[in-house]
Amino acid sequence: MPVDPSPRLTAGETPARGAGRARREAERLPLRASAASAVEVRRSARRSRTVSAYREGDRTIVLIPARMSEAEERRWVTVMLDKLAAQESRKVLGDGELAERAARLSGQYFDGRAKPASVRWVTNQNTRWGSCTPSEGSIRLSHRLQGMPEYVVDYVLLHELAHLLVPGHGPRFWRLLEAYPRTERARGYLEGVVAAGRLPHRPPAPED
């Protein structure tokens, strides 16, 4: 899946370093707050590309460009809440743990039929989230996934595991992934990360 090497998306900016600037630039038109989720969205006409978020006491502040639609706002709030949560509970799995996770996912969703010979992180995949070589049974995940929500990493792992059973992207392949209930949400999250870099196209699914 293509990614932007430097997506303009930030999260976890502390008030001491970022909140003052954010308040100055935010026009507060409109200002939205949700009592249930304690999320406040601030729109800014000066903010043209970036979306950022930070914690402020018991609230989460999400800063977005004023031109965003309501649908885009809802999507970005979800993306940024996920990103903050990932940063706050960041745990980078080692290659061994990643392989164990792949085995668990294969057993849970594919009846253990997908059996990779190796699963590891790589740092040379800047245009794909994951890749698989079925003939070798090897799976590689981009280090860019590290720190993302667990369900996103699980989706990419499952995508590559499915390639051990079905090499292409035909109907049989996508039927395998239907078993994972968070497929669409994970795809949306990854598309949101790419969209933050203002790529001119929507990314496809991870490819071999």
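Strand 5 and strand 7 run parallel and are joined by five bridges. The model is predicted. Within this pairing, W121 stands opposite L141 of strand 7. Helix 3, spanning residues 95-109, packs on the sheet. The helix touches both strand 5 and strand 7. The direction of helix 3 makes about 130° with that of strand 5.

The sheet itself is open and consists of three strands. Their order is 5-7-6, and the pairing is mixed. Strand 5 covers residues 118-122, and strand 6 covers residues 130-133. Both stand at the edges. Each has a single partner strand, so one side of each is left without a neighbour in the sheet. From one strand to the next, the twist averages 20°.

Strand 7 comprises residues 138-142, and S138 lies within it. The relative accessibility of S138 is 8%. Buried residues are those under 20%, so S138 counts as buried. The side chain of S138 forms a polar contact with the side chain of R140, at 2.8 Å. Other contacts of S138 are with residues beyond four places in sequence. These partners are S118, S131, C132 and T133. S118 belongs to the range of strand 5, 118-122. S131, C132 and T133 fall in the range of strand 6, 130-133. S138 in strand 7 thus has contacts in both edge strands of the sheet.

Definitions and conventions:
Residues are numbered from 1 along each chain as its sequence is written. This is a predicted model: local features need pLDDT of at least 70, side-chain atom pairs count only at pLDDT 80 or more; totals for chains, interfaces and linings use all residues. Side-chain values use heavy atoms; hydrogens and water are left out. Helices (H or I, at least four residues) and strands (E, at least two) are DSSP runs, numbered from the N terminus. Buried means under 20% relative accessible area, exposed over 50%, partly exposed in between (1.4 Å probe, protein chains only). A polar contact is a pair of N or O atoms within 3.5 Å; within protein, one must be able to donate a hydrogen and the other to accept it, and residues adjacent in sequence count only if both atoms are side-chain atoms. Contact means heavy atoms within 4.5 Å. Two strands pair if DSSP finds at least two bridges between them. Axes are lines fitted to C-alpha atoms, for helices over the stretch in contact, and angles run from 0 to 180 degrees between N-to-C directions.
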